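Biologist: Please take one part of this model and go through it closely. I would like to start from the interior and then see how the surrounding pieces sit against each other.

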Amino acid sequence: TDLPRSPPAAAEPRHASPAAPRRLREKLRTAARMAGPPAHTAPGSRQQVQGGEGRAETATGAPAARETRAPFRFDYQRFRQSLRHPVRGRRPGEDPETRARRMKIKEMMKFAWDNYKQYALGKNELRPLTKNGHIGNMFGGLRGATVVDALDTLYIMELEEEFQEAKKWVEKSFDLNVNGEASLFEVNIRYIGGLLAAYYLTGEEVFKSKALELGEKLLPAFNTPTGIPRGVINLGRQDTRSLFSPCSGMSWSWGWASAGSSILAEFGTLHLEFLHLSELSGNPVFAEKASTSQLGVMNIRKVLNRVEKPQGLYPNFLSPVTGNWVQHHVSIGGLGDSFYEYLIKSWLMSDKKDSEAKKMYDDALEAIEKHLVRKSAGGLTYIAEWRGGILDHKMGHLACFSGGMIALGAEHAGEERKQHYMNLAAEITNTCHESYARSDTKLGPEAFRFDAGSEAMATRLSERYYILRPEVVESYMYMWRLTHDPKYRQWGWEVVKALEKHCRVEAGFSGIRDVYTTTPSHDNMQQSFFLAETLKYLYLLFCEDDVLSLDDWVFNTEAHPLPVNHTNFKA
């Protein structure tokens, strides 16, 4: 069975921010056609959602008039010349132990890729125990999630032959003519993010054209009365004759989401990718620097800024019809996590010009620290969950990204706040390390609690599993880059050894069902994010700081590097 990245019920929230559906649709459509033929797909079988309730106007207004202008071309060479550091760094002299550890992680990546290629190429993930592929139902009929997720990691690790194998699959076999129910969030962070990163790293046009074509297919999800997108999109239900009508495409909310609501981490985790789709397609709504250049994104923020926040906090469920909260559950883990991550990263990606994102992040972090951050009896700092004013003293593995996020934000805080937030980031990262150190396998559980005398340990059988998740090593990587405290590399190496001992099997890497037993039961799944995130962050932990330098790149929530927008690269 699938083990999702968010709470098992969820499809796995991690990011969001929207786009102006109609004007962006026109530009993306033009750009995709210049790059390759548009997909022709069969109609879907679900009842179509028309603007939420009937044919309601979208929040972004009437369709833009068709404009005539010279085809837009993104100047890739100027972009590469603008980078402050070589993508793979300069590799100055380094100590042999660091290099040896990095090479070990590279070997792990090659082992994971080679087995996927042998037994599951074209499927979404490898099942390493049974040596076959897994497709799943999150991607609406799209295939090759592991290929697209692995592209940039293979490139950064200089696994040239393997990168060419992956590129060839995208060129020859990656079919966008699919008809199925997809998670808007997952397709965006894995496929759009992976293709965009591969393009920016290599300049290969095939990655750009696929990203633009796929991006167009996601736009009907925004056809709601508020402009807040729904979580599920049928990638095939698109009548190209009516691309400018709110009726084109089908979208709906997750069946498990309260009262047809949209999920904070899903509609809050589109911003980075959609701004880059705009940059590459030449869509004036996003590509220009004017304040109106982010109409769709600003619309989602406008809805969020208008609605009252309980104690300054953002609940996880919002109605795409009314723009009001559906229930007051607040989490920095699953369902909420990447919304906060994308606020600070939107500001960084804008070259620190998106002051609204920075203010939203600062205000949210202040509320989180006041109402959710607690210290256990044993002295461990953690971020609790909030249910209508009552604290649930647990922290999910997904929430462990927050140490890195807070450190990243602290770098750019005022001097008086910088050290405060760096200390908070270090304390949270230490707590997440303790969740690993206190298990028999030295790998962390899906969630850990601070109640009934237990600290940083799972107390429920359903929370003891580890599915090769990256969030803890993600924070190690950021903490290393921002402090150079050697303990973060040491902690990362402990994870490498634990993965090798407990998760490496004959034909790949597998998650385990119980981190508290040293004879683990494997779940028979090599998640695509293991190659996209876990191994990439571990590799970068043992690289010099100029490899994918934080001066040049911002990582999306699937660890796909997207460039900081230093200038406009219209050719």
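## The nonpolar core and its surroundings

Modeller: This is a predicted model. The largest nonpolar core has 162 residues, and the members that touch the most others are Leu142, Tyr340, Leu443 and Leu499. Helix H6, residues 184-202, is the element that gives the most to this core, with twelve residues. A second core, separate from that one, has eight residues, including Met250, Ala257, Ile263 and Phe317.

Leu443 can be taken as an example from the largest core. Leaving out residues up to four places away in sequence, Leu443 touches Ser435, Tyr436 and Tyr466, then Val495, Ala498, Leu499, His502 and Cys503, and finally Ile512 and Val515. One of these partners, Leu499, is itself among the members that touch the most others.

The chain as a whole gives the setting. The protein chain has 571 residues, and 64% of them are buried. Its secondary structure comprises 18 helices and 19 strands. Of the contacts between residues at least 6 apart in sequence, 74% join residues at least 24 apart.

Helix H14, residues 402-410, shows burial over a whole element. Nine of its nine residues are buried, so H14 is largely enclosed by the rest of the structure. Buried here means under 20% relative accessible area. The residues concerned are Ser402, Gly403, Gly404, Met405, Ile406, Ala407, Leu408, Gly409 and Ala410. They pack against four helices and two strands by name: helix H12 (337-349), helix H13 (355-371), helix H15 (415-437) and helix H16 (471-483), together with strand S11 (381-383) and strand S14 (394-396).

Leu408 of H14 also leads to a loop further along the chain. Leu550 lies in the loop between helix H18 (528-541) and strand S18 (553-555). Leu550 and Leu408 are 142 residues apart in sequence, yet their C-alpha atoms are 9.5 Å apart in space. Neighbours within four places aside, the contacts of Leu550 are Leu408, Tyr478, Arg481 and Phe555. Leu550 is partly exposed, at a relative accessible area of 25%.

Leu548 is in the loop between H18 and S18 as well. Leu548 is buried, with a relative accessible area of 0%. Its phi is near 45 degrees, which is a positive value in a residue other than glycine.

A positive phi also turns up between two packed helices. Glu158 sits in the loop between H4 and H5, and its phi is near 60 degrees, again a positive value in a residue other than glycine. Glu158 counts as partly exposed, at 35% relative accessibility.

The two helices on either side of that loop pack together. Two packed helices are described by the angle between their axes and the distance between the axes. For helix H4 (residues 145-156) and helix H5 (residues 160-173), the angle is about 145 degrees and the axes are 9 Å apart. Their crossing is left-handed. On the H4 side the contact is made by Val147, Leu151, Leu154 and Tyr155, and on the H5 side by Glu162, Phe163, Ala166, Lys167, Trp169 and Val170. Sorted by class, this contact has eight nonpolar residues and two charged ones, with no polar residues.

The strands offer a smaller-scale view. Strands of a sheet pair through backbone hydrogen bonds, either parallel or antiparallel. Three strands form an open sheet in the order S6-S7-S8, and the pairing is antiparallel. Strand S6 (262-263) and strand S8 (325-327) are the edge strands, each pairing on one side only. Two bridges join S6 to strand S7 (residues 317-318) in the antiparallel sense. Ser262 has Leu318 of S7 as its bridge partner. This sheet connects with the second core, which includes Ile263 and Phe317.

Gly133 is a last point to look at, in strand S2 (residues 132-134). Gly133 counts as partly exposed, at 24% relative accessibility. Apart from neighbours within four places in sequence, Gly133 is in contact with Tyr119, Ala120, Lys123 and Glu125. Lys117 is 16 residues away from Gly133 along the chain, and their C-alpha atoms are separated by 9.8 Å.

Key: Residues are numbered from 1 along each chain as its sequence is written. This is a predicted model: local features need pLDDT of at least 70, side-chain atom pairs count only at pLDDT 80 or more; totals for chains, interfaces and linings use all residues. Side-chain values use heavy atoms; hydrogens and water are left out. A nonpolar core is a set of buried Ala, Val, Leu, Ile, Met, Phe, Trp, Tyr and Cys residues joined through side-chain atoms within 4.5 Å. Buried means under 20% relative accessible area, exposed over 50%, partly exposed in between (1.4 Å probe, protein chains only). Contact means heavy atoms within 4.5 Å. Axes are lines fitted to C-alpha atoms, for helices over the stretch in contact, and angles run from 0 to 180 degrees between N-to-C directions. A crossing is left-handed if the near helix is turned anticlockwise from the far one by less than a right angle, and right-handed if clockwise. Ala, Val, Leu, Ile, Met, Phe, Trp, Tyr, Cys and Pro count as nonpolar, Asp, Glu, Lys and Arg as charged, and the others, Gly among them, as polar. Two strands pair if DSSP finds at least two bridges between them.
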